[in-house]
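Open the model in your viewer and show it as a cartoon. Keep the selection panel at hand.

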Amino acid sequence: MIPEDNPGLSRRKFIAKVSLVSTALAVPFQGLSFIKPPIMKDKTLYDAIIVGGSYSGLAAAMALGRALKQVLIIDNGKPCNAQTPYSHNFLTQDGNTPAGIAALAFTQVESYENVKFYNGLATTGRKTDDGFEIRLATGEAFRAGKLIFATGIRDIMPAIEGFAECWGISVIHCPYCHGYEVRGLRTGILANGEQAFDVVRLISNWTKDLTVFTNGKTSLSDEHSLALEEHQITIIEKEIQKLEHINGHINTIFFKDGTKSTLSALYAPRPFEPHSMIPETLGCELTEEGYIKTNALQETSVPGIYACGDNSTRMRTVANAVAMGTAAGMSASKKIILDQFQYTVSTKY
Ligand SMILES: Cc1cc2nc3c(=O)[nH]c(=O)nc-3n(C[C@H](O)[C@H](O)[C@H](O)COP(=O)(O)OP(=O)(O)OC[C@H]3O[C@@H](n4cnc5c(N)ncnc54)[C@H](O)[C@@H]3O)c2cc1C
């Protein structure tokens with residue numbers, strides 16, 4: 001992060017520094033912190049404000065920037081994959097660090113002079129006569145004709161000591177992101193009931209050495225329990241006390257009864273909450289699962305507001321976040337362009 005008290009660090013130097021450090025050491029990153037431009041009293045009516053400047057937001061900005069639109073990206077540097085050492089399954093970027101991918105994206109987007117960056121937390125939004133206003137935690141406010149929310153989601157961590165430290169490193173949620181790297185290893189599934197059974201079926205593709213940890217009484221059906229037994233998969237119902245790990249690499253689960261179990265990876269599906277409540281307060285409809293409802297053009301139920309990336313899909317990958325961001329940027333800019341093209345219908349014909 002660019003320290004607040006060191007705004008002199010140029011963006012390019014910062015990006016070079018982030019890339020270098022992250023590639024060499026694979027340290028967790030806290031997202032890109034954009035330099036605060038001197039726009040404390042910004043009266044501009046932007047064509048679009050993008051809240052969230054990670055993969056999806058930057059992709060939207062690129063499409064809008066290339067369409068010559070005036071864009072402001074507001075981001076507070078907290079992408080969901082910050083702690084994962086390497087990101088996989090995104091063509092051309094497989095095995096790069098999350099920071100490396102973000103830094104490259106940022107470099108490419110910042111070359112469009114009509115795209116401005118602002119480092120801060122957007123807290124509220126409201127409809128205005130000419131579009132929308134987004135207000136920040138600092139009290140500053142920015143206006144735009146269109147809003148794009150690329151705000152992502154926040155995974156809710158359980159109250160298990162060591163869990164959060166291992167998240168994205170050896171405690172994982174997605175086999176397509178990390179399953180190949182832990183294939184064949186002694187692996188746990190931290191889930192219960194039907195969800196546990198579904199996860200086991202999927203993960204059995206990557207490893208057969210599986211144990212289900214229900215962290216309390218099992219709610220698996222008899223049929224599912226029998227099926228697991230047939231696959232020599234043990235169900236452990238003990239309550240978990242803590243995960244022991246070295247720098248996020250899990251090695252042992254300790255139970256409240258004093259016993260323990262060794263393992264090298266743990267799949268743990270987690271509930272989530274929206275990273276930002278602004279779309280909901282502006283009236284955007286949500287799906288039953290809690291995602292922002294969008295159509296194929298990434299339009300929400302509120303005209304002029306778009307959403308893209310993790311906040312509006314179950315298909316949670318960097319590649320998909322980028323694709324959705326591109327679609328949001330293209331459809332928002334196309335709407336602006338077509339609306340601005342003034343014409344009158346001639347009565348001669
Ligand atoms: C642990 C983990 C590991 C993963 N590994 C992989 C992998 O290997 N491969 C893969 O393809 N995918 C992976 N993913 C999924 C991938 O990280 C996401 O799909 C992707 O980051 C979504 O991008 P996004 O732009 O929608 O959201 P995010 O990357 O989460 O970014 C959202 C941004 O919005 C900002 N923001 C939110 N609210 C506000 C606000 N009010 N004001 C200002 N800024 C705001 C946040 O600070 C953040 O920078 C992983 C996810 C997790 C959790």
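The stops below go from the whole chain to the ligand, then to the cores and the strands.

**Whole chain.** Start with everything selected. This is a predicted model. The chain has nine helices and 17 strands. Of its 349 residues, 40% are buried. Now think about contacts with a separation of 6 or more: residues 24 or more positions apart account for 63% of them.

**Ligand.** Select the ligand and the 40 residues around it. Which residues come nearest? They are G52, S54, G152, G168 and G309. Four elements give two or more residues each to this shell: α2 (55-66), β2 (71-75), α5 (175-178) and α9 (318-340). Colour the shell by class. You get 14 nonpolar, 21 polar and five charged residues.

Next, colour by domain. Domain 1 covers 39-155 + 272-340, and domain 2 covers 164-267. Why does the ligand lie between them? Because both domains give residues to the shell around it.

**Largest nonpolar core.** Select I49, I50, V51, A60, A61 and I148. These have the most contacts inside the largest nonpolar core, a set of 51 residues. Helix α2 supplies the largest share of this core, eight residues. Nonpolar side chains tend to be buried together in soluble globular proteins.

Zoom in on I50. Leaving out residues up to four places away in sequence, I50 touches G57, A60, A61, V71, I73, I148 and A150.

Another core lies apart from the largest one. This second core has 29 residues, including I169, V200, I253 and A265.

**Strand β2.** Select residues 71-75, which also belong to the ligand stop. Are they buried or exposed? Five of the five residues in β2 are buried. Side chains in a regular strand alternate between the two faces of the sheet. In β2, V71, I73 and D75 lie on one side, L72 and I74 on the other, and both faces are covered.

Add β1, residues 45-51. Strands β1 and β2 run parallel and are joined by four bridges. Check one pair: I49 has L72 as its bridge partner.

**Five-stranded sheet.** Now show β8, β15, β9, β10 and β11. In that order they make an open sheet with parallel pairing. Which strands are at the edges? β8 (171-172) and β11 (234-236), each of which pairs on one side only.

Finish inside this sheet, on β9 (187-190) and β10 (210-213). Four bridges join these two parallel strands. Pick I189 and V212 to see one pair of bridge partners.

Note on methods. Residues numbered from 1 in each chain as written. Predicted model: local features only at pLDDT ≥ 70, side-chain atom pairs only at ≥ 80, totals over all residues. Near = placed C-beta within 6 Å. Nonpolar A, V, L, I, M, F, W, Y, C, P; charged D, E, K, R; others polar. Domains from an automatic or database assignment. Core = buried A, V, L, I, M, F, W, Y, C linked by C-beta atoms within 7 Å. Buried ≥ 20, exposed ≤ 12 C-beta atoms within 10 Å, placed from the backbone. Contact = placed C-beta atoms within 7 Å. Pairing = 2+ DSSP bridges.
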